[in-house]
Amino acid sequence: MSLIPSFFGNRRNNALDPFSLDVWDPNPFKDPETSAFVGTRIDWKETPEAHVFKADVPGLKKEEVRVEVEDGRVLQISGERKVAKEEKSDTWHRVERSSGKFMRRFRLPENAKTEEIKAGMENGVLTVTVPKTEVKKPDVKAIDISG
């Protein structure tokens with residue numbers, strides 16, 4: 001448990017996470033075209049067989065989301081929700097749903113098989129599975145002690 005109180009719902013601070021490559025922008029509202037989805041929530045768990053990432057991307061189609069591996073070990077998840085078209089006869093009373101671009105980057109550990117990554121979307125959740133290489137146990141050879 002953290003000794004530092006969190007003002008953001010007990011979520012781990014990415015600035016202290018060695019695997020996160022997110023860049024925190026102190027003014028996320030300066031460019032409404034690229035800032036709305038900055039807080040896309042992504043869970044990362046490790047199982048004995050794989051690293052599994054789950055991203056909440058409600059309302060997006062798979063064509064609007066990209067999963068890429070950069071420099072061999074950086075997983076990048078990005079996408080864009082387009083702004084709703086406005087008709088001249090429409091009267092908006094409230095706009096709370098975000099639109100714009102998002103991008104999250106994670107440095108994968110050395111045991112990641114980046115050439116076998118699989119991704120799928122279901123019910124607004126993107127699941128990216130990165131298989132792990134089998135960790136070989138070191139060969140141990142007993143040495144007889146003379147004397």
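The exercises below work through the strands, the aromatic rings and one histidine of a predicted model.

Residues are numbered from 1 along each chain as its sequence is written, and side-chain values use heavy atoms, with hydrogens and water left out. Since the model is predicted, local features need pLDDT of at least 70 and side-chain atom pairs count only at pLDDT 80 or more, while totals for chains, interfaces and linings use all residues.

**Exercise 1. Describe the secondary structure of the chain and the share of its residues that is buried.**

Step 1. Helices (H or I, at least four residues) and strands (E, at least two) are taken as DSSP runs, numbered from the N terminus. On that basis the chain holds one helix and seven strands, and along the sequence they follow the pattern α-β-β-β-β-β-β-β.

Step 2. A residue is buried at under 20% relative accessible area, exposed at over 50%, and partly exposed in between (1.4 Å probe, protein chains only). Of the 147 residues in the chain, 24% are buried.

**Exercise 2. Work out which strands form each open sheet, and which strands stand at the edges.**

Step 1. Two strands pair if DSSP finds at least two bridges between them. One open sheet has three strands in the order β3-β4-β5, with antiparallel pairing. Here β3 (65–70) and β5 stand at the edges with a single partner strand each, so one side of each is left without a neighbour in the sheet.

Step 2. Within this sheet, β3 and strand β4 (residues 74–81) run antiparallel and are joined by six bridges; E70 has V74 in β4 as its bridge partner.

Step 3. The other open sheet to describe has four strands, in the order β1-β2-β7-β6, and its pairing is antiparallel. Its edge strands are β1 and β6 (118–122), each of which pairs on one side only.

Step 4. Strand β1 (residues 42–46) pairs with β2 in the antiparallel sense over five bridges, and these two strands form a hairpin with three residues between them.

**Exercise 3. Characterise the ring pair of F53 and F106, and explain why the pair ties together parts that are apart in sequence.**

Step 1. Rings of Phe, Tyr and Trp (its six-membered ring) pair if their centres lie within 6.5 Å, and planes under 30 degrees apart count as stacked, over 60 as edge-to-face and the rest as tilted. The count by this rule is three aromatic pairs. For F53 and F106 the ring centres are 5.3 Å apart and the planes stand at 45°, so the pair is tilted.

Step 2. F53 belongs to strand β2 and F106 to strand β5 (residues 100–107), so the pair ties together parts that are 53 residues apart in sequence.

Step 3. Both positions are buried, F53 at 1% relative accessibility and F106 with a relative accessible area of 5%. Ring pairs link W44, F53 and F106 into a cluster, and W44 stands opposite F53 in β2.

**Exercise 4. Place H51 in the structure and describe its surroundings.**

Step 1. H51 lies in strand β2 (residues 50–56), where it is the bridge partner of E46. With a relative accessible area of 1%, H51 is buried.

Step 2. A polar contact is a pair of N or O atoms within 3.5 Å; within protein, one must be able to donate a hydrogen and the other to accept it, and residues adjacent in sequence count only if both atoms are side-chain atoms. The side chains of H51 and W44 are joined by such a contact of 3.2 Å.

Step 3. Contact means heavy atoms within 4.5 Å. Not counting residues up to four places away in sequence, H51 touches several residues, including P109, N111, V128 and K132.
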